[in-house]
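Q: Please take me through one part of this structure up close: the packing between its elements. I am new to it, so set that part against the chain around it.

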Amino acid sequence: MPEITRDEVAHLADLARIDLSDAELDHLAPQLQVILESVASIQGLAGDDVPATSHPLPLTNVFREDIVTPSLTPEQALSGAPSVEEQRFAVPRILGDEQ
């Protein structure tokens, strides 16, 4: 398995918008490598006779029926909003366009 580099950790942190110091990057790269190796070793345990599952126990759908009921009009829903734009809540932008 190729080793995860400090630059790859820095790139992932940048994508996740997490500021990491140089010391944190140096500390996290080996830890992430151990995690990736652990996942790789687990993947090799299941044989071809073991079916892939998303959960160890069978699950039953617990969702209710989707029944249409009367609800608020857009005007009623937006009546208490401090700012509205094109029948939507207007909120301040929190993410820039740097990426």
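A: Of the 99 residues in the protein chain, 8% count as buried. Keep in mind that this is a predicted model. The accessible surface of the chain comes to about 9300 Å². Carbon and sulfur atoms account for 58% of that area.

Next, the overall dimensions. The radius of gyration of the protein chain is 24 Å. A compact globule of 99 residues would have a value near 13 Å. Along the principal axes, the C-alpha atoms fill a box of roughly 55 × 45 × 15 Å.

Now the elements. The protein chain has three helices and zero strands. In sequence order, the pattern reads α-α-α. Helix α1 covers residues 6–15. Helix α2 covers residues 22–43. Helix α3 spans 74–78.

Here is the close look: α1 against α2. How near do the axes of these two helices come, and at what angle do they cross? The two axes come within 9 Å. They cross at roughly 105°. That crossing makes α1 roughly perpendicular to α2, because angles of 65 to 115 degrees are counted that way.

Which residues meet there? From α1 come Arg6, Val9 and Ala10. From α2 come Asp22, Leu25, Asp26, Leu28, Ala29 and Leu32. By class, six residues of this contact are nonpolar and three are charged. No polar residue takes part in the contact of α1 with α2. The nonpolar class includes Val9 and Ala10 from α1, along with Leu25, Leu28, Ala29 and Leu32 from α2. The charged residues are Arg6 on the α1 side, with Asp22 and Asp26 on the α2 side.

How do contacts spread along the sequence? Take the contacts in the protein chain with a separation of 6 or more. Residues 24 or more positions apart account for 41% of them.

Move on from α2. Thr53 lies in the loop between α2 and α3. Thr53 is exposed, with a relative accessible area of 62%. Thr53 and Ser79 are 26 residues apart along the chain. Their C-alpha atoms are separated by 47 Å.

Last comes the segment after α3. Glu86 lies in this segment. Gln87 lies there as well. Which sign does phi take at Glu86? Phi of Glu86 is positive, near 50°, in a residue other than glycine. Phi of Gln87 is also positive, near 55°, and Gln87 too is a residue other than glycine. Are these two buried or exposed? Glu86 is exposed, with a relative accessible area of 61%. Gln87 is exposed too, at 52%, and the cut-off for exposed is over 50%.

Methods. Residues numbered from 1 in each chain as written. Predicted model: local features only at pLDDT ≥ 70, side-chain atom pairs only at ≥ 80, totals over all residues. Heavy atoms only, no water. Axes fitted to C-alpha atoms, helices over the stretch in contact; angles between N-to-C directions. Helix = DSSP H or I, 4+ residues; strand = E, 2+ residues; numbered from the N terminus. Parallel < 35°, antiparallel > 145°, perpendicular 65-115°, else oblique. Contact = heavy atoms within 4.5 Å. Rg over C-alpha atoms; globule rule 2.2 N^0.38 Å. Buried < 20%, exposed > 50% of the residue type's maximum accessible area, 1.4 Å probe, protein only. Areas by Shrake-Rupley, 256 points an atom, 1.4 Å probe, with all protein chains shown as cover.
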